[in-house]
Amino acid sequence: MNILGYLQKIGRALMVPVAVLPAAAILMGVGYWIDPNGWGGGSPLAAFLIKAGSALIDNMSTLFAVGVAYGMSKDKDGSAALAGLVGFLVLTTLLSPAVVSMIKGIPLDAVPAAFKKINNQFVGILCGVIAAELYNRFSTVELHKALAFFSGRRLVPIVTSVVMIVVSFVMMIIWPLVYGGLVNFGESIVSLGSTGAGIYAFFNRLLIPIGLHHALNSVFWFDVAGINDIPNFLGGQSSLDAGKAVLGVTGMYQAGFFPIMMFGLPGAALAIYHSAKKENKDKVASIMIAAAFASFFTGVTEPLEFSFMFVAPVLYGIHALLSGVSVFIASSMHWMAGFGFSAGLVDLVLSSRNPLATNWYMLIPQGLVFFGLYYVVFRAVIVKFNLKTPGREDEEAVPAQAQATDRTELAKQYLEVLGGHDNLVTVDACITRLRLTLKDRSIVDERKLKALGAAGVVKLGEQNLQVILGPLAEIIAGEMKALR
């Protein structure tokens, strides 16, 4: 597997721990609705909910280690998850300031600052990756009869604990360098203030086609370089009291996405519909309405973005640029809101009572402006350059093919177009994408995939393929596996 394909595999696995963020956001959001000023001090129920949500947020690094190990294991077995936890506990204990002080024989106050931040999501991902690779290698090993009890999956956590001792000594040397680099990168963006936030948002959108935006997000959204924007925002009053949050600043890497996802992209959808050929408008309307609703309500944008990402890359470039402008404006004006999943209506409502949500309602008029801006710009560019957005394709571009309503039958049709199980090396899915490794990618007909309902197709390396299906991705992947 090439480097890009391997990074894709990690990105896919990251969806497992990230999936718990909505639960934390809902618990804390409802808690703040009940008691927005007292952080639970005025309501036992609010305190209960907020603390329940913070239990997840405060332990995201552990969840990353467990979730990534599970997600990257070859058969999604619990032993891999256990190995991820074992590896994380061993590494973070050996690299804790107190232990580093003893090992190096230096005073505790002389221990590099990097080791005070060893319990972070980056290290969690590293431990998860190592544990998964060890699981994939050693889960079928058979030991001598005298040690037969420890064969197979039981061997993996043991091997992981030993390997992580070695990794810990290596990390003792390189972690301060890695941490310093991450901090410098984060600080270089943070030092640019609102401009830096806009630059981040621009690249956030540009990396979506290859799925590597998660790596960029981890620097700004979590505690990799000390920014930790999402947990600090969700921490509300407690983050303010602890000096982790700044009113009107924390949330700057999140707030500006609400006008884009709730208003801007639906405006683009309307422009695409109005630009479609008359005979195709009904078909395009059904696609655009569903995609726009997903973007507005939940913040899931991929079904809509992939409808024009590859057929009209100039539009996607404009979209990335406008995203950067939106985040810059929200940050500059100190209009703040945050999310646990994505910048849709659900998260906006939940975050509105958070003490850190300053002037959040201004994101709505900003969104209305961006709705008009997206509509006018997209419509003009589509017509001016005759872009082949949905509904404007040549007649032969998409072959006629009946779509199955039964999920199992639809999975069979996808499987047939992909060359059958004999052509599949791996089948997996994240929130909106089938992520596949194929023996021979050349036999896959992209037009037939789109005729079945795929919003887009992404090729990575020589063997990797992503099929954008929206919320159906997980279901279709499960059905395809069950058809083996």
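In this predicted model, the side chains of Arg-205 and Glu-305 meet in a salt bridge, with 2.7 Å between N and O. The two partners belong to distant parts of the chain, since Arg-205 sits in helix H9 (residues 194–206) and Glu-305 in helix H15 (residues 302–305), 100 residues apart. Arg-205 has a relative accessibility of 6%, and because buried means under 20%, this residue counts as buried. Glu-305 is buried as well, with a relative accessible area of 0%. Behind such pairs stands a simple idea: side chains of opposite charge can pair when their charged atoms come close.

A search of the whole structure finds four salt bridges, and another of them joins Lys-76 to Asp-428, whose closest N and O atoms are 3.0 Å apart. Lys-76 lies in the loop between helix H4 (60–72) and H5, while Asp-428 lies in strand S1 (residues 424–429), so this pair ties together parts that are 352 residues apart in sequence. As for their surroundings, Lys-76 is partly exposed, with a relative accessible area of 28%, whereas Asp-428, at 11% relative accessibility, counts as buried.

A further salt bridge is found where the side chains of Arg-447 and Asp-445 meet, at 3.8 Å from N to O. Here Arg-447 is partly exposed, with a relative accessible area of 43%, and Asp-445 is also partly exposed, with a relative accessible area of 22%.

From the charged pairs we can turn to the nonpolar residues. The largest nonpolar core has 45 residues, and of these Phe-220, Trp-221, Tyr-253, Phe-257, Phe-258 and Leu-363 touch the most other members. Helix H13 (residues 257–275) gives the most to this core, contributing five residues. Domain 1 (1–183) and domain 2 (191–393) both supply residues to the core, so the core lies between the two domains.

To see what surrounds one member of this core, the reader can look for Trp-221 in the structure. When residues up to four places away in sequence are not counted, Trp-221 touches Tyr-200, Asn-228, Asp-229, Ile-230, Pro-231, Tyr-253, Gln-254, Phe-257 and Phe-339. Apart from this core lies another one, of 31 residues, which includes Ile-208, Val-284, Met-288 and Ala-312.

Nonpolar residues also appear on the surface, where Ile-26, Val-30, Trp-33, Ile-34, Leu-45, Phe-48 and Val-349 form a nonpolar patch that has about 650 Å² of accessible area together. Helix H2 (21–34) and helix H3 (44–57) each supply at least two residues of this patch, and the largest share, four residues, comes from H2. One of the patch residues, Val-30, has its place in helix H2, and Val-30 is partly exposed, with a relative accessible area of 34%.

A last stop is helix H5 (residues 78–94), in which Thr-93 lies. Thr-93 is partly exposed, with a relative accessible area of 44%. Thr-93 and Ile-118 are 25 residues apart in sequence, and in space their C-alpha atoms are 9.2 Å apart.

Key
Residues are numbered from 1 along each chain as its sequence is written. This is a predicted model: local features need pLDDT of at least 70, side-chain atom pairs count only at pLDDT 80 or more; totals for chains, interfaces and linings use all residues. Side-chain values use heavy atoms; hydrogens and water are left out. Buried means under 20% relative accessible area, exposed over 50%, partly exposed in between (1.4 Å probe, protein chains only). A nonpolar core is a set of buried Ala, Val, Leu, Ile, Met, Phe, Trp, Tyr and Cys residues joined through side-chain atoms within 4.5 Å. Domain bounds come from an automatic or database domain assignment. Contact means heavy atoms within 4.5 Å. Patches are made of residues with over 30% relative accessible area and no salt bridge: like charges are joined within 9 Å, nonpolar side chains (Val, Leu, Ile, Met, Phe, Trp, Tyr) within 5 Å. Accessible areas come from the Shrake-Rupley method with a 1.4 Å probe; for residues, only the protein chains shown count as cover.
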